[in-house]
Amino acid sequence: MKIAMIGSGYVGLVSGACFSDFGHDVVCVDKDAAKIDGLRAGKMPIYEPGLDALVTSNADAGRLSFTTDLASAVADADAIFIAVGTPSRRGDGHADLQYVYAAAREIGENLKKSAVVVNKSTVPVGTGDEVERILRETNPNVTVHVVSNPEFLREGAAIGDFKRPDRIVIGCEHEEAQRVMREVYRPLFLNEAPILFTGRRTAEITKYAANAFLATKITFINEVADLCEKVGADIQDVSRGIGLDNRIGAKFLHAGPGYGGSCFPKDTLALLKTSQDYNSPMRIVESVVQVNDNRKRAMGRKVIDALNGDVRGRKIALLGLTFKPNTDDMRDAPSIAIAQALLDGGASLTGYDPEGMEAASAIMPEVSMAKDSYEAVIDADAIVIVTEWDAFRALDLRRMRELAAQPVLIDLRNIYNPEEAKAIGFTYYSVGR
Ligand code: UDX
C-alpha cells in the first residue's frame, strides 16, 4: 500500500514511520526544506524515544522517504493522510484550519487517480465535509473518499501508542474507504486492536471528547488534592482508592501543577468554540479550562508561600521545564506560568531540564540554565520539581541539601516520599499530601 503523509510534524512523522514499519511504502511530505533535509540525514526534528531508530531502519529498508514535493508524493498514493498543525487561532481559540484546507487544495490539484484522503489532524466537527468539498471542487475528475482517523498518541510514548493502541477510530461512510483503511491498519487488525468504524462527524467529536474527558479527570483530581491539603488527607491514597474502581480507572488521576502540552489546552478551547457555535453549552469543560489556567500560576504562589510570602532577591531552582517528561515540548508547560509568577515576585531563577532547555531558553530568557540538577540547586533558597523526569526520582537529596542555601523542597509532582525528604532535613511541600 502506498501512503503519502502530508505534514512531518509530531503526528505525521510518528505515524509515517510506524506505517512504514508495518511494511507500507510511505512518503512523508513537509514544506520545511531544512526539516526534510535533516530527516534524510537521520536527524529528528523532535525528541521522541525510539523515533530515530525507527526512521533510520525503515528509510534504509527503502520503505520510508521524505520530500518537499507534495505533487509527486500524492500522484499514485492509495491513502493520503493530512497531518498538519491545527493551532489555536489567535484571538478566539478556534482551531486554525488554514493548513488543513491548503493541504486539501494541493492534494486535489495533484491527484491523478482515485484515493482515500484521511484526516489525522485534530479538527472540529464538520471539517471532513469541507475537505471533501475542496477536493471535489479542485479535482472533479477523480473519486476521493474523505475519512477521519483521529490520533490518540501521547508524546514520549507515541510509538508504543501507535503500535499497541487502546483503539483505532475510523470515521468513514464508504465501503471502498473502509477497505483501504482496513488494509492500512491490517497489522493491528491481526493483533486484534479494537477498530471502531463510525460516521465521520462522530470520529471528529470522539477525539475532542476523549481529550476533554482526560483534561477533566486531571483537573478533578487536582481540586481534590487541594482539598486534601486543607483537611489533612493524602491525595495519592485517594487516587488509588477511587482508581481501583473499574468504572473510574487508575490512569490520569495523578495530581500536579495542571495539564499542559500541545493537545489538551488547545483541544478543550476548540471544543468550547464548537459548543458555542452549535448553542450546546459544555459548562464542565468551561470550568476545566478556567481551573487549569488558574492552577498554573497558583503553583507559583505555592512556592512563594513556602518562602514566607516573599521571593524578592531569592534564588529558586526549577527542575523540569517541559510540560511532561520524555519530550522537549514546552507548549503550555506549567513551568512557564510558574516561572513568570516567581519572576514577577522578584526571584532569580535557575532551570534544568534533560531535553527541554533549548526550547525553554527561547521562551523564558530570564531563567539561567544549569548543566545538571546539582548545578541548578547551588545556593538556591528553594528547589521546585516541576516535571517528573525519571532522572529526578533518584537524585541524591543529601547532596542537594548541602548545595542549596536553604533546605526547601517543593515537589509539584509528588515524586519523593515526604518522610524521607523530611528525614534528610528538607522542609518539604508536595501536592495534596
Ligand atoms: C494527550 C493525550 O493523552 C493523547 O491521547 C492525545 O493524542 C494528545 O494529548 P500528551 O499531550 O502527549 O497526550 O500528554 P499526556 O500524557 O496526556 O499529558 C498531558 C498533560 O496532563 C501533561 O501536562 C501531564 O503532566 C498532565 N497529566 C497527565 C497530569 O497532570 N496528571 C495525570 O494523571 C496525567
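**Figure 1. Overall fold of the predicted model, with 18 helices and 14 strands**. The radius of gyration of the protein is 23 Å, close to the 22 Å that the globule rule gives for 433 residues, so the protein is as compact as a globular protein of that length. The C-alpha trace extends over about 75 × 50 × 40 Å along the principal axes. Of the 433 residues, 53% count as buried. Among contacts between residues at least 6 apart in sequence, 73% join residues at least 24 apart.

**Figure 2. Surface and charges of the protein.** The accessible surface comes to about 19,200 Å². Carbon and sulfur atoms account for 49% of this surface. The protein carries 50 positive and 60 negative charges. The mean positions of these two sets of charges are 2 Å apart.

**Figure 3. Helix H12, residues 264-277, and its packing**. At 1.5 Å a residue, the 14 residues of H12 should span 20 Å, and the end C-alpha atoms are 20 Å apart, which agrees. Of these 14 residues, 10 are buried, so H12 is largely enclosed by the rest of the structure. The buried positions are Phe264, Pro265, Lys266, Asp267, Thr268, Ala270, Leu271, Leu272, Thr274 and Ser275. They pack against two helices, H10 (200-231) and H13 (283-306).

**Figure 4. The segment that follows H12, with asparagine 279 and serine 280**. Asparagine 279, just after H12, takes a positive phi of about 50 degrees. Most residues other than glycine have a negative phi. Serine 280 belongs to the loop between H12 and H13. At 42% relative accessibility, serine 280 counts as partly exposed. Aspartate 234 is 46 residues from serine 280 along the chain, and the C-alpha atoms of the two are separated by 37 Å.

**Figure 5. Asparagine 308 in the loop between H13 and strand E9 (315-319)**. The phi of asparagine 308 is near 60 degrees, a positive value in a residue other than glycine. Asparagine 308 is exposed, with a relative accessible area of 72%.

**Figure 6. Asparagine 414 in the loop between strand E13 (408-411) and helix H18 (418-423)**. Asparagine 414 is not a glycine, yet has a positive phi of about 55 degrees. Its relative accessibility is 6%, and asparagine 414 therefore counts as buried. Asparagine 308, by contrast, is exposed.

**Figure 7. Threonine 67 in strand E3, residues 64-67**. Threonine 67 counts as buried, at 13% relative accessibility. Leaving aside neighbours within four places in sequence, threonine 67 is in contact with Val27, Cys28, Val29, Asp30, Ile36, Arg40 and Ala73.

**Figure 8. Lysine 120 and its surroundings, in the loop between strand E5 (115-119) and H6**. With a relative accessible area of 2%, lysine 120 is buried. Phenylalanine 81 is 39 residues away from lysine 120 in sequence but 6.4 Å away in space, C-alpha to C-alpha. Beyond its neighbours within four places in sequence, lysine 120 is in contact with Phe81, Ile82 and Ala83, among others. Further contacts of lysine 120 include Asn149, Pro150 and Glu151. Val11, Ser15, Phe162 and Tyr185 are also in contact with lysine 120.

**Figure 9. Proline 140 in the loop between helix H6 (127-138) and strand E6 (144-148)**. Proline 140 is exposed, with a relative accessible area of 62%. Phenylalanine 66 lies 74 residues from proline 140 along the chain. The C-alpha atoms of proline 140 and phenylalanine 66 are separated by 28 Å. On the other side of H6, the loop between E5 and H6 holds lysine 120, which is buried.

How values were computed. Residues numbered from 1 in each chain as written. Predicted model: local features only at pLDDT ≥ 70, side-chain atom pairs only at ≥ 80, totals over all residues. Heavy atoms only, no water. Helix = DSSP H or I, 4+ residues; strand = E, 2+ residues; numbered from the N terminus. Rg over C-alpha atoms; globule rule 2.2 N^0.38 Å. Buried < 20%, exposed > 50% of the residue type's maximum accessible area, 1.4 Å probe, protein only. Contact = heavy atoms within 4.5 Å. Areas by Shrake-Rupley, 256 points an atom, 1.4 Å probe, with all protein chains shown as cover. Lys, Arg positive; Asp, Glu negative; His and termini not counted. Charge placed at Lys NZ, Arg CZ, Asp CG, Glu CD. Expected span 1.5 Å × (residues − 1).
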